[in-house]
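Thank you for letting me take a few minutes of the meeting. Please have a look at the sequence and the fold on the screen, and then I will walk through the strands, the core and the pocket in turn.

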Amino acid sequence: VFFSCSSLKSIKNDPFVGKYEMTVFDVDQVGDVPAILTITKDKNLYTSTVNYKILNEEEILNVLSTYPLDSSTLLIESLIDNNQVDFELNFDNSSFTGTAGGYYDLEGKKIEWFNQFLRNFNHYLEALYNDKKSYT
């Protein structure tokens, strides 16, 4: 995997990119739904994956698209049981609140160990790039 320094800097400063623990609250007939949300970015394209647990079954959300509405709001369009369900996430530093389907409240918080790993990995790649650059 190769990343340019400019793409690493844009990822590091991006308010959305990261891994989050998320909970959708009071879902009909199942209660609170815990999930892990991972948001990545390649150039200007966001992608997201959501692994969630419902009634003790691990599931992966069928994400259609992920895109910002503004500098602090991200929309994740998905399909659940053949119905489109949009997740609107309003970010504030390392956490977010929002709604699923315009009805269910949700919240999430960055998983710091993962983000520290990404920072360390980015530093490693930058050092590798700079070291390689000194030999050319």
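Strands E2 and E3 pair in the antiparallel sense, and eight bridges hold that pairing together on the page. I should say straight away that what we are looking at is a predicted model. If you want one place to find this pairing by eye, go to Ile36, which stands opposite Asn51 in E3. The two strands form a hairpin with two residues between them, and in that turn Lys43 has a positive phi of about 60°.

On to the other partner of E2, which is strand E1, residues 18–27; E1 runs antiparallel to E2, residues 31–42, and eight bridges join them. Along this pairing, Tyr20 stands opposite Leu37, while Val24 stands opposite Val33. E1 and E2 also form a hairpin, here with three residues between them, and Gln29 in the turn has a positive phi of about 65°.

E1 pairs with strand E9 as well, residues 104–110, and this antiparallel pairing has five bridges. Here the bridge partner of Thr23 is Glu107 in E9.

Now let me stay with Leu37 for a moment. Which residues does Leu37 touch, once we leave aside its neighbours within four places in sequence? Among them are Gly18, Lys19, Tyr20 and Met22, and also Ser48, Thr49, Val50, Ile76, Leu89 and Phe96. Lys19, for its part, lies in strand E1, and although Lys19 and Leu37 are 18 residues apart in sequence, their C-alpha atoms are 5.7 Å apart in space. Is Lys19 buried, partly exposed or exposed? Its relative accessibility is 21%, and because buried means under 20%, Lys19 counts as partly exposed.

Leu37 comes up again in the largest nonpolar core, which has 24 residues, and where Met22, Val24, Leu37 and Phe87 have the most contacts inside it. At least two residues of this core come from each of E1, E2, E3, E6, E7, strand E8 (95–100) and E9.

Finally, the largest pocket, which holds about 470 Å³ of space. It is lined by 20 residues, and the closest to its centre are Val27, Ile54, Ile80, Val85 and Phe87. The elements giving two or more residues to that lining are E1, E2, strand E3 (45–54), strand E6 (73–80) and strand E7 (83–92). As for the kind of residue, the lining divides into 16 nonpolar, two polar and two charged.

Definitions and conventions. Residues are numbered from 1 along each chain as its sequence is written. This is a predicted model: local features need pLDDT of at least 70, side-chain atom pairs count only at pLDDT 80 or more; totals for chains, interfaces and linings use all residues. Side-chain values use heavy atoms; hydrogens and water are left out. Two strands pair if DSSP finds at least two bridges between them. Helices (H or I, at least four residues) and strands (E, at least two) are DSSP runs, numbered from the N terminus. On a 1 Å grid over the protein atoms alone, a cavity is a set of points where a 1.4 Å probe fits but cannot get out, and a pocket is an open set with protein on both sides within 12 Å along at least five of seven lines; lining residues have an atom within 4 Å of a point. Grid points are joined across faces, edges and corners, and a volume is the space filled by probe spheres set on the points. Ala, Val, Leu, Ile, Met, Phe, Trp, Tyr, Cys and Pro count as nonpolar, Asp, Glu, Lys and Arg as charged, and the others, Gly among them, as polar. Buried means under 20% relative accessible area, exposed over 50%, partly exposed in between (1.4 Å probe, protein chains only). A nonpolar core is a set of buried Ala, Val, Leu, Ile, Met, Phe, Trp, Tyr and Cys residues joined through side-chain atoms within 4.5 Å. Contact means heavy atoms within 4.5 Å.
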